[in-house]
Number of protein chains: 2
Amino acid sequence: MNTFSLSVNGLTRCQNGSAERCVSATGYLQRSYDSLAVIVTGFHASKLDSVLPCGQTNEHDFIDAIAGVALSQDETTARGRATAEMVAQRANVSRVAVSRAFNPHASLKPAKRELILRIAQELNYTPDRAARALVSGRSHLVGVIVPDVCSHWESQEIDALTTALQAEGFATLLFKTRIDYSMDEQLLAYMRGFNPDSVIAFVENVKPATLARFLDRAVPIYVHYPRSGAPEESQAGPLHDRLNVLHRTGVEQAVSLLQGYGVRRIAYVSGVDKSRANTAREHMLRVVMAERGLAPPIIAASDFSYDRAYAATLDLFRVGEGADAIFAANDVGAFGVIDALRHELNLRVPEDVKVVGFDDIAQSHWKSYNLTTVKFDLEERVRALVRLILRRLNNPDAPALEETLNTRLVVRGTVG
Amino acid sequence: MNTFSLSVNGLTRCQNGSAERCVSATGYLQRSYDSLAVIVTGFHASKLDSVLPCGQTNEHDFIDAIAGVALSQDETTARGRATAEMVAQRANVSRVAVSRAFNPHASLKPAKRELILRIAQELNYTPDRAARALVSGRSHLVGVIVPDVCSHWESQEIDALTTALQAEGFATLLFKTRIDYSMDEQLLAYMRGFNPDSVIAFVENVKPATLARFLDRAVPIYVHYPRSGAPEESQAGPLHDRLNVLHRTGVEQAVSLLQGYGVRRIAYVSGVDKSRANTAREHMLRVVMAERGLAPPIIAASDFSYDRAYAATLDLFRVGEGADAIFAANDVGAFGVIDALRHELNLRVPEDVKVVGFDDIAQSHWKSYNLTTVKFDLEERVRALVRLILRRLNNPDAPALEETLNTRLVVRGTVG
DNA sequence: ACGGAAAGTGAAAACGTGTTCATTCTTCAC
DNA sequence: GTGAAGAATGAACACGTTTTCACTTTCCGT
């Protein structure tokens, strides 16, 4: 067969390849990464030969060369990965022992385990997750459904989520749904084929029938925008795992601050109409304002986006009666509000109108906005979510769990 | 066994469950989704019974109920998914026929295929991708390595990528690497376990040894920031698949525009030091400026981030000599530049200093920035990338492919 | 009607792992 | 030295597909 093999550190061999090219490449590798064993095997000799840089090379050229080879690799070696059988053979143990070596809970003589792991590393072996999933029923994949990865809040949450899951041996499987926050059946069926162990949906208007299609597997599904979790809403005990957010704390701080400045007319530029995040925020704002003797907020309909918040603000002042202060359902919406006020209505923020957002995304501290906002600790939230998921996966029959997170006001330049 | 089963449309049955609860739920489902078959099966009857809402219910309550059941589902039914065997049995065909029914290229009598697909749908069956991957060697997963999902450019690219891959029957498997744009071996080994069919790395400083660990499988790896692809750099023929971007066009337009305003001192606020995107952009700027008789740009070191671009701009004017116009290596960096100029240095943009970015991300049209920028068509780029990947997967031995994309200047408010 | 090509079919063999179960080896107290 | 308990071991099976390989049926032109 037309193969090429190249090893660095210890044994250096070439088969069916041009010797000097191999040595040149080897030398380069040794110079750059001398403590590392590199094994390259199973290519069209002709291709590797014509591609490997000779003489002095820089790193980029070498990467290009290797990448080029990887791309044109021989089909016959596609399954060339080391298998547990090979490791077992080389270590003079049974294949089962190899499996056990990679499972920390299995009992295996420490010396044996060490030997197996060493040989496995030499052969660049890791257990095949597809096979493992097939027999264990665990794919170690977590499906994440999101309407728009670019939305700041979502992207930051996906980022933290991926980090947390990765640390626990899981991987994030990303799916996009329609932008209107609905999750269609087709997508769910599609995703189901990948066997995720759990699903986190950044959408809300989930149809029962859609969810039902998932129910023939024990897949915990987390509809991601949590209940408002205000004390007055809490019930005897949760029916299922739940993540609550206490909007009250942050909202009270914000309203109190605004009252200190003598604000009278407060408007709310909303999020997507029936979404829980929007409902909870608007509701809490209404409750807190009523408690403090303020008239109900003026509602300007929007959908969490910059553009619609911008337009809603124009309407509020041109068609409507305006306001002294504006709450936006999220920070991105608040950016739209601020830009509309400053650049189209020629109003000053915060002198003429004060603005408060929700979320505290990374962009909120940018100087052009410098937004005062109700912070929703993202890292903490993701940690709690991953904790819920893992606990549920490890113990499917445990009683329902509930985690509660608090909010607080971050005061910046758009108030005061 | 302690099971509950509920069907809507046609046959409506309850087993071991409270009849009226079942009927109530059924009625709700029928009212809401009357054209849909809903099959719920395999739960702890006690749990479903205590959870299902009775009488008038709203959608949210019902979702909560179903979700609660999904979470507390019986362990024994975890593998309760329909299998090809069951479909075959019910359709009176062999299991192989079922497999063929789901493979468009396999030959099967149309009537038979139709029957099988109908029954499969009834049973909510889809082929198990883990099993399929095991035997076919194709996981239909594409690994995406990214240092920071939140970065605007990356998040928009991930979004488009996911959409495109989803349409082709693939899914995006997301991994995070370190923020310094390096890709560590550990991550690659970890990812390898998931058997991605291809890997797209949004990182550049890839070590050969790191890549080599992937080379025992035929996995096309795309290091994502492309070569500058300027004509003077192009070679005889590409050694491997490659995506080129012609920065020249957009940069020429930008420099020409600036010259028209009599700009003399041009600065460049850079990206991550040795990254290709940064290198290519700086290089092209240098070349074009030289061609037009301008002095070389003043370099202000940054790393693509808002905060460092902000700081670099302050340095440029406080320690250095300032500039009439500033190119930023990316749009986010340009936002930092603009904010530093306006809010800390009290300079006007564009009157005192003109600013140009690279990328044209969605935020660039926001009124606070309204950035003039060199557009890099994201959708087009992702389409090209997916095209390359699929062609390579379908035909691993095809000659190397090359796609070239152009750029153009989008003129907004930060120049002129 | 006839032959041959093409299409359709199902039994069996992979794919690479985790798990169970009966067996063997080690350890330790007496 | 003995017995028993516990740890360590490997053979065999299971997981749900796709693929290969003979074999049978259908189709079509003469």
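Trainee: Which strand does β8 of chain B, residues 266–269, join, and through how many bridges?

Mentor: Strands of a sheet pair through backbone hydrogen bonds, in either a parallel or an antiparallel sense. In this predicted model, β8(B) is joined to β9(B) by three bridges, and the two run parallel; two strands count as paired if DSSP finds at least two bridges between them. Within that pair, B:V269 has B:A300 of β9(B) as its bridge partner. Strands here are DSSP runs of E with at least two residues, and helices are runs of H or I with at least four, numbered from the N terminus.

Trainee: What should I know about the numbering and about the model before I go on?

Mentor: Residues are numbered from 1 along each chain as its sequence is written, while chains are lettered from A and ligands numbered from 1 in the order of writing. The model is predicted, with local features needing pLDDT of at least 70, side-chain atom pairs counting only at pLDDT 80 or more, and totals for chains, interfaces and linings using all residues, and side-chain values rest on heavy atoms, without hydrogens and water.

Trainee: In what order do the strands of the open sheet in chain B lie?

Mentor: Seven strands form this open sheet of chain B, in the order β7-β13-β12-β11-β10-β8-β9, and their pairing is mixed. The edges are β7 (242–246) and β9 (298–300), each of which pairs on one side only.

Trainee: Is strand β4 of chain B, residues 171–176, mostly covered or mostly open?

Mentor: In a regular strand the side chains alternate between the two faces of the sheet. For β4(B), six of its six residues are buried, that is, under 20% relative accessible area with a 1.4 Å probe and protein chains only. One side carries B:A171, B:L173 and B:F175, the other B:T172, B:L174 and B:K176, so that both faces are covered.

Trainee: Which strands pair with β4(B), and in which sense?

Mentor: From within chain B, β3 (residues 141–146) pairs with β4(B) in the parallel sense over six bridges, and B:V142 stands opposite B:T172. From chain A, β4 (residues 171–176) pairs with β4(B) in the antiparallel sense over three bridges, where A:L174 has B:T172 as its bridge partner.

Trainee: Which residues are closest to DNA strand D, and how many surround this strand?

Mentor: A residue is near a strand if one of its heavy atoms lies within 4 Å of it. DNA strand D is surrounded by 23 residues, the closest being A:R100, A:K112, B:R95, B:S99 and B:R132. Of the atoms of DNA strand D within 4 Å of the protein, 57% belong to sugar or phosphate, and the rest belong to bases. For polar contacts, look for N or O atoms within 3.5 Å of each other: a polar side-chain atom of B:S99 lies 2.4 Å from a phosphate oxygen of DNA strand D, and for B:R132 the corresponding distance to a phosphate oxygen is 2.8 Å. The helix α7(B) gives the most to the surface near DNA strand D, with four residues.

Trainee: Which residues are closest to DNA strand C?

Mentor: Around DNA strand C there are 24 residues, and A:A84, A:S99, A:R132, B:R100 and B:S107 are the closest. Sugar and phosphate make up 56% of the atoms of DNA strand C that come within 4 Å of the protein. A side-chain N or O atom of A:R132 is 2.7 Å from a phosphate oxygen of DNA strand C, whereas A:D128 places a polar backbone atom 3.1 Å from a phosphate oxygen of that strand. Here α7(A) gives the most to the surface, with four residues.

Key. Polar contact = N/O pair within 3.5 Å; in protein donor to acceptor, adjacent residues only side chain to side chain. Buried < 20%, exposed > 50% of the residue type's maximum accessible area, 1.4 Å probe, protein only.
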